[in-house]
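Student: I have a model open on my screen and I'd like to learn how to read it. Could you walk me through it?

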Amino acid sequence: MKKVAIITGGGSGIGAATAKRFAKEGIRVCLLDLKEERAENVKEEIVRDGGEAFVLDVDVSDEERVVEALETVKQEWGHIDILFNNAGINGTLNSIEEMKVEEWDKTIHTNLRSTFLMVKHSIPYMKESGGSIIITSSINGNRTFSNFGMSAYSTSKAGQVAFMKMAALELAQYRIRVNAICPGAIETNIDQSTDKKESVKEIEIPITYPEGSHPLEHKSGSPEQVADVVYFLASDASSHVTGTAMYVDGAESLL
Ligand code: NAD
């Protein structure tokens with residue numbers, strides 16, 4: 001029986017690369033994204049290459065839409081085996097003093113509340129036959145360097161790792177594995193989700209290491225390099241791995 005995966009933020013970057021990788025491995029993929037047109041393009045590419053995919057236009061921070069989406073996937077393909085909880089934004093970069101509550105909430109809701117909602121509502125579909133959940137956190141959940149203005153983002157990403165550990169323990173009884181990936185700088189469209197305020201520019205210090213590079217190579221990682229790791233965590237090759245946050249950053253976090 002073919003496996004079924006739900007990928008949030010599947011219309012771009014890491015989510016899109018993972019959708020294509022999963023489809024190549026014979027996994028059916030449902031792409032959830034706010035930007036439906038981009039996700040449709042990814043779907044068309046997958047289908048052209050012989051894979052199976054469909055798109056749902058869902059804001060993953062909206063509980064009602066999340067519940068509907070999961071039920072739609074179940075109706076379409078009968079079961080859900082893999083959840084790649086990946087949608088996210090950088091959001092507003094602002095000093096803590098200047099940060100508006102709405103700015104804070106938008107980032108926390110999009111990145112963290114959505115993670116809770118997606119995992120919570122996937123459990124009923126996975127608990128009988130087990131499954132794998134992978135959450136996209138970030139190296140920025142665990143460091144401060146070059147993170148000026150990212151208090152909401154970093155908090156959401158650290159929160160995702162804490163939540164992943166609790167979920168891994170709680171869901172082990174159902175043979176649902178839960179892991180996180182922590183990418184460093186990856187070449188995607190994430191900058192389009194960034195609104196950098198003046199307050200941040202004032203407190204920024206010069207970065208001596210070339211921005212977007214890492215000790216392995218002087219360039220950002222690719223979404224495909226991240227997709228390889230997500231596929232490993234989704235597959236039976238990682239059957240004894242749960243509760244882990246895996247860095248995919250070329251050692252950028254060690255700088
Ligand atoms: P991206 O902008 O290319 O893709 C993110 C996708 O999420 C977009 O298609 C966007 O429309 C979608 N999305 C945003 N808000 C949504 C919502 N409320 N509901 C549904 N979909 C929504 O960026 P990416 O880099 O591929 O980001 C994927 C994940 O990787 C994010 O969680 C991000 O925080 C994380 N990450 C990225 C980097 C990086 O350098 N690119 C580094 C570390 C972590």
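**Reading the model**

Tutor: Let's begin with confidence: it is lowest in helix α6 (residues 198-203), at a mean of 74, and highest in strand β4 (residues 82-85), at 99. The score is pLDDT, the predictor's confidence in each residue, from 0 to 100. This is a predicted model, so local features need pLDDT of at least 70, side-chain atom pairs count only at pLDDT 80 or more, and totals for chains, interfaces and linings use all residues. Residues are numbered from 1 along each chain as its sequence is written.

Student: What is the average pLDDT of the chain?

Tutor: The chain averages 94, and 95% of the residues score at least 70. For the complex, the predictor gives an ipTM of 0.99 and a pTM of 0.97.

Student: And names like α1 or β4, where do they come from?

Tutor: Helices (H or I, at least four residues) and strands (E, at least two) are DSSP runs, numbered from the N terminus.

Student: Now the sheet. What is the order of its strands?

Tutor: The general idea is that two strands pair if DSSP finds at least two bridges between them. Here, seven strands form an open sheet in the order β3-β2-β1-β4-β6-β7-β9, with parallel pairing. At the edges sit β3 (53-57) and β9 (245-248), each pairing on one side only. Ignoring direction, neighbouring strands are turned by 20 degrees against each other on average. For such angles, axes are lines fitted to C-alpha atoms (for helices, over the stretch in contact), and angles run from 0 to 180 degrees between N-to-C directions.

Student: Which residues stand opposite each other, say around β1?

Tutor: β1 and β2 are parallel and share five bridges, with A5 opposite V29 in β2. Strand β1 (residues 4-8) also pairs with β4 in the parallel sense, over three bridges. On that side, A5 has I82 as its bridge partner, and I7 has F84.

Student: And going on from β4?

Tutor: β4 pairs in parallel with strand β6 (residues 131-136) over four bridges, and L83 stands opposite I133. Six bridges then join β6 to β7, where I133 faces V178. Four bridges link β7 to β9, with A180 opposite A245.

Student: How do I read the two faces of a strand?

Tutor: In a regular strand the side chains alternate between the two faces of the sheet. To judge cover, call a residue buried if 20 or more other C-beta atoms lie within 10 Å of its own, exposed if 12 or fewer, and partly exposed in between, with C-beta atoms placed from the backbone. In β4, I82 and F84 point one way and L83 and N85 the other, and all are buried. β2 is covered on both faces, with R28, C30 and L32 on one side and V29, L31 and D33 on the other. In β7, eight of its eight residues are buried.

Student: What about α1, buried or exposed?

Tutor: Mostly covered: 10 of its 12 residues are buried, including G13, K20 and F22. The helix reaches 17 Å from its first C-alpha to its last, close to the 16 Å expected; the expected span is 1.5 Å times one less than its number of residues. After α1 comes G26, with a positive phi near 85 degrees.

Student: Which residues are closest to the ligand?

Tutor: A residue is near a molecule if its C-beta atom, placed from the backbone, lies within 6 Å of it. The ligand is surrounded by 30 residues, the closest being G9, S12, G13, G88 and T188. Elements giving two or more residues to this shell are α1 (13-24) and β2 (28-33). α1 gives the most, with three.

Student: Where do positive phi values turn up outside glycine?

Tutor: Most residues other than glycine have a negative phi, and most peptide bonds are trans. R175 is not a glycine, yet its phi is positive, about 55 degrees. R175 lies in the loop between α5 (151-171) and β7 (176-183), and it counts as partly exposed because it has 15 C-beta neighbours inside 10 Å. A251 also has a positive phi, near 75 degrees, in the segment after β9. A251 has 12 other C-beta atoms within 10 Å, so it is exposed.
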